[in-house]
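Here's a set of short exercises to work through with the structure open beside you. Try each task on your own, then read the solution.

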Amino acid sequence: VQLQASGGGLVQAGGSLRLSCAASGRTFSDFSDYVMGWFRQAPGKEREFVATISWSGSSTDYRDSVKGRFIISRDNTKNTVYLEMYSLKPEDTAVYFCAAALARGGVLFYTPSRYNYWGQGTVVTVSS
């Protein structure tokens, strides 16, 4: 399974960005079999959970600091998960990673260890 994240960039505080993560690969059977998540890692800090979405998209959850500002969604027909980010703050600056975990049943995962596959990361820089 390969995950390709894109959409990062430099934006001023208060601005918005939309990240995308496309899944592909010979062993990738069905995108809807996977719980998807977004994580981020700022320089000198540990990777932290940002958002997660269930296989169907009916369940989502976010870290407290991004609730009301970020929206995670998915299009299973395009094997893609999105992260819309609004009202960006300098503290949102980080490398953002998408991740996939093989699971169904409406579950959500919050820790990196639960995810089987990771994208290469896309850099988001928010200037003050």
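The exercises below go through a predicted model, and each one comes with its solution.

**Exercise 1. Find the strands that pair with β5, and work out whether β5 is buried or exposed.**

Start with the strand itself: β5 covers residues 48–53. On one partner, β4 (residues 34–41), you'll find 5 bridges to β5, and the two run antiparallel. Want a landmark? Phe 39 has Phe 49 in β5 as its bridge partner.

Now go to β6 (residues 60–62). Here 3 bridges make the link to β5, again with an antiparallel run. Ala 51 is the residue standing opposite Tyr 62 of β6.

Last step, the cover: 5 of the 6 residues in β5 are buried, so call it mostly covered, with buried meaning under 20% relative accessible area.

**Exercise 2. Look at the two hairpins that involve β5: which glycine in each takes a positive phi?**

Take the hairpin of β4 and β5 to begin with. There are 6 residues between its strands, and Gly 44 has a positive phi near 75°.

Then move on to the hairpin of β5 and β6. It also has 6 residues between the strands, and here Gly 57 takes the positive phi, near 90°.

**Exercise 3. Locate Asp 33 and list what it touches among residues more than four places away in sequence.**

First, place it: Asp 33 sits in the loop between β3 (17–24) and β4. Next, check its contacts. Leaving out residues up to four places away in sequence, Asp 33 touches Ala 101, Leu 102, Ala 103 and Arg 104. For one more distance, try Ser 56: its C-alpha atom is 8.7 Å from that of Asp 33, though the two are 23 residues apart along the chain.

**Exercise 4. Work out the strand order of the open sheet of 4 strands, and name its edges.**

Walk across the sheet and you get β1-β3-β8-β7, with antiparallel pairing. The edges are β1 (2–6) and β7 (70–75), since each of them pairs on one side only. How are neighbours turned? On average by 15° against each other, ignoring direction.

You can check one pairing in detail: β1 and β3 run antiparallel and are joined by 5 bridges. Among the residues involved, Gln 4 has Ala 22 in β3 as its bridge partner.

**Exercise 5. Track down the disulfide: which cysteines form it, and which parts of the chain does it tie together?**

The count comes to 1 disulfide. Its partners are Cys 21 and Cys 98, with sulfur atoms 2.0 Å apart. The link of Cys 21 and Cys 98 is right-handed, with 60° about the S-S bond. Since Cys 21 lies in strand β3 and Cys 98 in strand β9 (residues 94–102), the pair ties together parts 77 residues apart in sequence. Both Cys 21 and Cys 98 are buried.

**Exercise 6. Which residues of the largest nonpolar core touch the most other members?**

This core has 29 residues, and the ones touching the most other members are Met 36, Trp 38, Phe 70, Leu 83, Met 85 and Tyr 96. Which elements give two or more residues to it? They are β1, β3, β4, β5, β7, β8 (80–85), β9 and β11 (122–127).

There's another core lying apart from it, of 8 residues, including Phe 39, Phe 49, Ala 101 and Phe 109. As background, nonpolar side chains tend to be buried together in soluble globular proteins.

**Exercise 7. Follow the salt bridges of Arg 40 to Glu 48 and Asp 92, and sort these residues by how buried or exposed they are.**

The structure has 5 salt bridges. Arg 40 forms one with Glu 48, where the closest N and O atoms are 2.6 Å apart. Arg 40 also meets Asp 92 in a salt bridge, at 2.9 Å from N to O. That pair links distant parts of the chain: Asp 92 is in the loop between β8 and β9 and Arg 40 is in strand β4, 52 residues apart.

Now sort them. Arg 40 counts as buried because its relative accessibility is 6%. Asp 92 is at 0%, so it counts as buried. Glu 48, at 26%, counts as partly exposed.

To finish, widen the view: Arg 40, Glu 48, Arg 63, Arg 69 and Asp 92 are linked in a network of salt bridges.

Terms used. Residues numbered from 1 in each chain as written. Predicted model: local features only at pLDDT ≥ 70, side-chain atom pairs only at ≥ 80, totals over all residues. Heavy atoms only, no water. Buried < 20%, exposed > 50% of the residue type's maximum accessible area, 1.4 Å probe, protein only. Pairing = 2+ DSSP bridges. Contact = heavy atoms within 4.5 Å. Axes fitted to C-alpha atoms, helices over the stretch in contact; angles between N-to-C directions. Disulfide = S-S within 2.5 Å. Core = buried A, V, L, I, M, F, W, Y, C linked by side-chain atoms within 4.5 Å. Salt bridge = Lys/Arg side-chain N within 4 Å of Asp/Glu carboxyl O.
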